[in-house]
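Visitor: I am new to this structure. Please show it to me, and then let me ask about its parts.

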Amino acid sequence: TRQSEWDDVVGAAEREPDVWASIGIHPHEADQHADLGEVALLQAADHPRVIGIGESGLDYYYDKSDRAVQRDLFRTHIAVSRKTGLPLIVHTRNAEDDTIAILSEEMEKGPFPALIHCFTASPDFGRQVLQLGLTISLSGIVTFKNASELQSFAAEIPPERLLVETDSPFLAPVPHRGKTCEPAFVRNTAEFVAELRGESVETLAQTTTRNFYALFSKAT
């Protein structure tokens, strides 16, 4: 989430053969990295275990950083994603209009791979990002009882544009809600999403695994 953590994150990926890293600045930390620039991101992204850029984006819910700084830094991450070909991992909360505007403007400058991480936005926003060619990743939130709108939208996401995730250590899915989330809980989310979509969890697992390697093509 901040530059000072990159070495530790990449170090974990170096030690564990089934762990990969992404590097970026979370919007909460944007104010402390207003002058980061592309060079630092490009240098860090060159590491063989770094397969993504982010998470980066806009968070107008907590507003922990100036919104203009968030937007500028978001565009910096997009530029690095475009130059490296590494997928951009997008965080957006209470900022749908600005997020889609920036993604649309930047996509016109030149394409870049990206996904909306921990998707909780409106179906309309989801359809717009799908039109831009982005992937949508669902977390344990989709299993919550009050997530009916998200559940309906999850069923209509094209199979080739779908991922599932944990967002560990947050957002543990039912039946683990309230606990510290861990990677193993992704199965609970996958089972729930598979049922929503009327398919087996095995089919969903094959689809999302294939999608992961297609999007994060640096992972081998």
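Guide: Helices (at least four residues) and strands (at least two) are DSSP runs, numbered from the N terminus. By that count, Glu55 lies in strand β2. Keep in mind that this is a predicted model.

Visitor: Which strand pairs with β2, and in what sense do they run?
Guide: Strand β2 covers residues 50-59. One facing pair is Leu58 in β2 opposite Thr92 in β3. Six bridges join the two strands, so to speak of the partner and the sense: β3, parallel.

Visitor: What links β2 to β3 in the β-α-β unit, and what is the hand of that unit?
Guide: The link is helix α3, residues 67-84. With β2 and β3, α3 makes a β-α-β unit that is right-handed.

Visitor: Which residue of β4 stands opposite Val90?
Guide: β3 also pairs with strand β4, residues 114-116. The pairing is parallel and has three bridges. Helix α4, residues 96-109, joins β3 and β4 in a right-handed β-α-β unit. Opposite Val90 stands Ile116.

Visitor: How many residues of β3 are buried?
Guide: Strand β3 spans residues 88-93 and has six residues. It is largely enclosed by the rest of the structure, because the buried ones number five.

Visitor: Which residues touch the most other members of the largest nonpolar core?
Guide: In soluble globular proteins, nonpolar side chains tend to be buried together. Here the largest nonpolar core has 55 residues. A second, separate core has seven residues, including Ile51 and Phe216. In the largest core, the residues with the most contacts to other members are Ile23, Phe119 and Leu138.

Visitor: Which residues of α2 does Ile23 touch?
Guide: Leave aside residues up to four places away in sequence. Ile23 then touches residues including Trp6, Val10, Val50 and Ile53. The buried residues of α2 (residues 37-45) are Ala40, Leu41, Ala44 and Ala45. Among the contacts of Ile23 are Leu41, Ala44 and Ala45.

Visitor: Where on α2 are the exposed residues Val39 and Gln43?
Guide: The buried residues of α2 are Ala40, Leu41, Ala44 and Ala45. They cover an arc of only 130° around the axis, so they sit on the same side of α2. That side packs against α1, β1, β2 and α3. Val39 and Gln43 are on the face turned away from the buried side.

Visitor: What arc do the buried residues of α5 cover?
Guide: An α-helix has 3.6 residues a turn, so residues three or four places apart point the same way. In α5 (residues 123-131), the buried residues are Pro123, Phe125, Gly126, Val129 and Leu130. They lie on the same side of α5, because their arc is only 155°.

Visitor: What covers the buried residues of α5?
Guide: Both helices and strands contribute to the cover. The helices include α4 and α6. The strands include β3, β4 and β5.

Visitor: Is His117 buried or exposed?
Guide: His117 is found in the loop between β4 and α5. Its relative accessible area is 10%. Buried means under 20%, so His117 is buried.

Visitor: Which side chains make polar contacts with the side chain of His117?
Guide: His117 touches residues that include Ile89, His91, Ser137 and Asp167. One polar contact, of 3.3 Å, goes to the side chain of Glu55. Another, of 2.9 Å, joins His117 to the side chain of Glu165. The partners are Glu55 and Glu165.

Visitor: Which peptide bonds are cis?
Guide: Most residues other than glycine have a negative phi, and most peptide bonds are trans. One cis bond has omega near 15° and runs from Gly54 to Glu55. Another, with omega about 15°, joins Val174 and Pro175.

Visitor: What is the phi of Asn94, and what is that of Cys118?
Guide: Neither residue is a glycine, and both have a positive phi. Asn94 is exposed, with a relative accessible area of 54%. Cys118 is buried, at 11%. Phi is about 55° for Asn94 and near 50° for Cys118.

Visitor: What does the side chain of Thr143 reach at 2.9 Å?
Guide: Thr143 is in the loop between β5 and α6. Thr143 is buried, with a relative accessible area of 6%. Its contacts include Gln151, Pro173 and Phe192. At 2.9 Å, its side chain reaches the backbone nitrogen of Val174.

Key
Residues numbered from 1 in each chain as written. Predicted model: local features only at pLDDT ≥ 70, side-chain atom pairs only at ≥ 80, totals over all residues. Heavy atoms only, no water. Buried < 20%, exposed > 50% of the residue type's maximum accessible area, 1.4 Å probe, protein only. Right-handed = clockwise from strand over helix to strand, strands pointing away. Core = buried A, V, L, I, M, F, W, Y, C linked by side-chain atoms within 4.5 Å. Contact = heavy atoms within 4.5 Å. Polar contact = N/O pair within 3.5 Å; in protein donor to acceptor, adjacent residues only side chain to side chain. Arc of directions from axis to C-beta.
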